[in-house]
Amino acid sequence: MSVSEIATEMPDIAQGTGSEAPRSSGSDVRRVLLVWDAPNLDMGLGAILGGRPTAAYRPRFDALGRWLLARTAELSAGTKGRVEPEATVFTNIAPGTADVVRPWVEALRNVGFAVFAKPKIDEDSDVDADMLAHIAMRAHDGGLAGIMVASADGQAFREPLEAIAAKGIPAQVLGFREHASWAVTSDTLEFVDLEDIPGVFREPLPRVSLDSLPDEGAWLQPFRPLSALLTSRPGQGVA
């Protein structure tokens with residue numbers, strides 16, 4: 001099933017991802033769910049930095065976790081029943097990189113994040129469908145008190161998030177304003193720039209956009225290497 005099909009049929013999906021999802025704490029518990037789209041955010045952050053991030057520019061998940069706890073307390077104030085946070089990271093593991101990625105995954109789990117890892121076999125091995133399926137499952141498993149999806153552009157999540165927001169559930173998109181103009185201008189979704197969350201980045205990001213160009217001009221780095229054209233599908237060119 002494609003991402004668009006999952007988005008369309010989201011109210012009818014009640015199954016998890018390819019392996020056992022974090023267990024429910026009870027049917028009376030609603031969740032404030034954070035879904036972190038690691039591959040897409042890595043690409044977006046790399047585009048801002050013009051290369052792989054150094055330690056100063058890697059997101060701090062402890063700060064993100066504290067922000068989620070505060071958001072959960074805010075949404076649970078004055079409500080009946082239990083409201084709990086659930087922090088999740090979805091990522092791909094390319095062949096031969098398990099030893100490199102393992103310390104990062106273990107650090108995430110140690111902070112309190114559940115990690116869904118999927119082998120990166122080909123272009124179709126992304127985790128968008130897995131994230132959408134997990135969101136749909138949680139919407140049925142006790143319900144959601146709030147949801148936030150962290151993704152550089154987030155377009156794949158637009159329809160399901162708008163459907164959730166239409167039910168009166170607070171829905172947020174976390175990302176970079178340069179890459180998610182649709183969320184910044186949305187009437188139904190709240191956009192939160194990741195750099196505005198206290199402590200997520202140790203140093204200010206060197207951000208340049210078409211709306212804030214210096215008088216002398218600036219380089220805008222490619223989102224991916226030119227060599228990616230060798231493996232891209234026909235018809236993905238730029239007019």
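Helices, of at least four residues, and strands, of at least two, are DSSP runs numbered from the N terminus. On this basis, the protein, examined here as a predicted model, contains seven helices and six strands. Read from the N terminus, these elements follow the order α-β-α-α-β-α-β-α-β-α-β-α-β.

Of the 239 residues in the protein, 41% are buried. Among contacts with a separation of 6 or more, 75% link residues that lie 24 or more positions apart in the protein. The accessible surface of the protein amounts to about 13,400 Å², and carbon and sulfur atoms contribute 53% of that surface.

One feature of this surface is a nonpolar patch of about 360 Å². The patch is formed by Val-208, Leu-210, Leu-213 and Leu-220. Of these residues, Leu-210 is located in the segment after strand E6, which spans 190-193. The relative accessible area of Leu-210 is 66%; because the exposed class begins over 50%, Leu-210 is classed as exposed.

A contrasting environment is found for Ser-186, which is placed in the loop between helix H7 (181-184) and strand E6. The relative accessibility of Ser-186 is 16%; since the buried class comprises values under 20%, Ser-186 is therefore counted as buried. From this loop position, the side chain of Ser-186 reaches the backbone nitrogen of Leu-189 at 3.0 Å. Strand E6 is thus a common reference for both residues: the loop holding Ser-186 lies between helix H7 and E6, whereas Leu-210 belongs to the segment after E6.

Definitions and conventions:
Residues numbered from 1 in each chain as written. Predicted model: local features only at pLDDT ≥ 70, side-chain atom pairs only at ≥ 80, totals over all residues. Heavy atoms only, no water. Buried < 20%, exposed > 50% of the residue type's maximum accessible area, 1.4 Å probe, protein only. Contact = heavy atoms within 4.5 Å. Areas by Shrake-Rupley, 256 points an atom, 1.4 Å probe, with all protein chains shown as cover. Patch = residues over 30% accessible without salt bridge, like charges linked within 9 Å, V, L, I, M, F, W, Y side chains within 5 Å. Salt bridge = Lys/Arg side-chain N within 4 Å of Asp/Glu carboxyl O. Polar contact = N/O pair within 3.5 Å; in protein donor to acceptor, adjacent residues only side chain to side chain.
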